[in-house]
Amino acid sequence: MPKQALSEEQRLFFETNGYLVIPNALSPEELQRVRAAADRAEALWRADPSRPGLRRENLQQVQAPIEYDDVLLELMTHPKVFPMVREILGNTIQMIDNDYFISPPHTGSHATWHHDVGMPGVYHPRSTLMVKVFYLLSDVPEGGGGTALIPGSHRFPMDYPLPQVEDPDAMPGKVEMAYPAGTAYLFHCRIYHAALNNRTDQTRRVLIYNYGHNWMRIWPGYEPSERLRAKASTPLLRQLLGLSDAYVSALTDAD
Ligand SMILES: O=C(O)CCC(=O)C(=O)O
């Protein structure tokens, strides 16, 4: 693993705010390749309603896109972004879940304000249990159904009285992840976040890779298939796909 994937500025920004934006994470060529792979996955998913994922008016969810295409599997260890996540989570990193979210034009939020970890007995504000990475495959303008975050809220205590808003767009102090396609952003899963309403004519397309630790369970429905497990030829891939022993085979910096 390269030493210091995060610059000092990024490290401080993440610690303070609980998120990071990585402009141009995907080069134009990579974006084209990943978008084509996502399109192929979407076509297979739409053609077979027994494939897992939500089919709602405001969210189409191609569940576990890494099962569909090697390009989407490889994105899980993207050389520009993955080392940052690994630096934040450490050598016990493991994939927890992955999704391709499609938010159609002129639809309401599919996720109001929440955070992703609420396990009793673990003091989350000082722990980094999960880091979620989003790769934008379409331009997301303001009002385009993007993710919004409350900077610094990953440190809020469990009982912090978050303002109660009926419309997620109305949350005071939020920042909206409105960026061009090819941008990646990641956040600490204790941060309060939401998907805002898509008030535009544009479909929002985003790939999501969620990482935790190898002593956590991969979320039900995201456990790698036999076919995918057979591809896990490196210690890194084996661990990311939940095939390592949580107690003895954490990666070393050399893996
Ligand atoms: O679609 C989004 O931007 C938000 C997704 C979300 O809430 C989540 O992954 O927990």
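How many bridges join strand β3 to strand β10? There are 10 of them, linking residues 93-103 of β3 to residues 204-213 of β10, and the two strands run antiparallel. Keep in mind that this is a predicted model. Here's a quick tour, from the whole chain down to single residues and the ligand shell.

**The chain as a whole**

- You're looking at six helices and 10 strands.
- The radius of gyration comes out at 18 Å, close to the 18 Å that the globule rule gives for 255 residues, so the chain is as compact as a globular protein of that length.
- If you want a box, the C-alpha atoms fill one of roughly 45 × 45 × 35 Å along the principal axes.
- Burial runs to 42% of the 255 residues.
- Take the contacts with a separation of 6 or more: 84% of them come from residues 24 or more positions apart.

**The six-stranded sheet**

- This open sheet has the strand order β1-β8-β5-β10-β3-β2, with antiparallel pairing.
- At its edges stand β1 (19-22) and β2 (60-63), and each has a single partner strand, so one side of each is left without a neighbour in the sheet.
- From one strand to the next, the twist averages 20 degrees.
- Helix α4 (residues 82-89) packs on this sheet, where it touches β3, β5, β8 and β10. Its direction makes about 165 degrees with that of β5.
- Back in the β3-β10 pair, Ile93 stands opposite His213 of β10.

**Strand β5, residue by residue**

- Strand β5 covers 131-136, and six of its six residues are buried, so the strand is largely enclosed by the rest of the structure.
- Val131, Val133 and Tyr135 point one way, while Lys132, Phe134 and Leu136 point the other way. Both sets are buried.
- With β8 (184-188), β5 shares five bridges in an antiparallel arrangement. Val133 has Leu186 as its bridge partner there.
- With β10, β5 pairs over six bridges, again in the antiparallel sense. Leu136 has Val206 as its bridge partner in β10.

**The four-stranded sheet**

- Another open sheet reads β4-β9-β6-β7, with antiparallel pairing.
- Its edge strands are β4 (111-114) and β7 (175-176), each of which pairs on one side only.
- Strands β6 (residues 147-149) and β9 (residues 193-195) pair antiparallel over three bridges. Thr147 has Ala195 of β9 as its bridge partner.

**Glu176, a residue of β7**

- Glu176 sits in strand β7, and it is partly exposed because 18 other C-beta atoms lie within 10 Å, short of the 20 or more that would make a residue buried.
- Setting aside neighbours within four places in sequence, Glu176 is in contact with Glu142, Gly146, Ala148 and Leu196.
- Glu176 and Ala194 are 18 residues apart in sequence, and their C-alpha atoms are 9.5 Å apart in space.

**The ligand shell**

- Which residues are around the ligand? They are Phe101, Ala111, Asp116, Lys132, Thr147, His193, Ala195 and Ile208.
- Sorted by class, that shell has four nonpolar, two polar and two charged residues.
- Several of these names have come up already: Lys132 is one of the buried residues of β5, and Thr147 and Ala195 are bridge partners.

**Two backbone oddities to look at**

- Most residues other than glycine have a negative phi.
- Asn24 isn't a glycine, yet its phi is positive at about 50 degrees. You'll find Asn24 in the loop between β1 and α2 (28-47).
- Asn24 counts as partly exposed because it has 14 other C-beta atoms within 10 Å.
- His106 also has a positive phi, near 55 degrees, and is a residue other than glycine. It belongs to the loop between β3 and β4.
- Is His106 buried or exposed? His106 counts as exposed, because it has 12 C-beta neighbours inside 10 Å and the cut-off for exposed is 12 or fewer.

Note on methods:
Residues are numbered from 1 along each chain as its sequence is written. This is a predicted model: local features need pLDDT of at least 70, side-chain atom pairs count only at pLDDT 80 or more; totals for chains, interfaces and linings use all residues. A residue is near a molecule or strand if its C-beta atom, placed from the backbone, lies within 6 Å of it. Ala, Val, Leu, Ile, Met, Phe, Trp, Tyr, Cys and Pro count as nonpolar, Asp, Glu, Lys and Arg as charged, and the others, Gly among them, as polar. Two strands pair if DSSP finds at least two bridges between them. Axes are lines fitted to C-alpha atoms, for helices over the stretch in contact, and angles run from 0 to 180 degrees between N-to-C directions. Two residues are in contact if their C-beta atoms, placed from the backbone, lie within 7 Å. The radius of gyration is taken over C-alpha atoms; the globule rule is 2.2 Å times the number of residues to the power 0.38.
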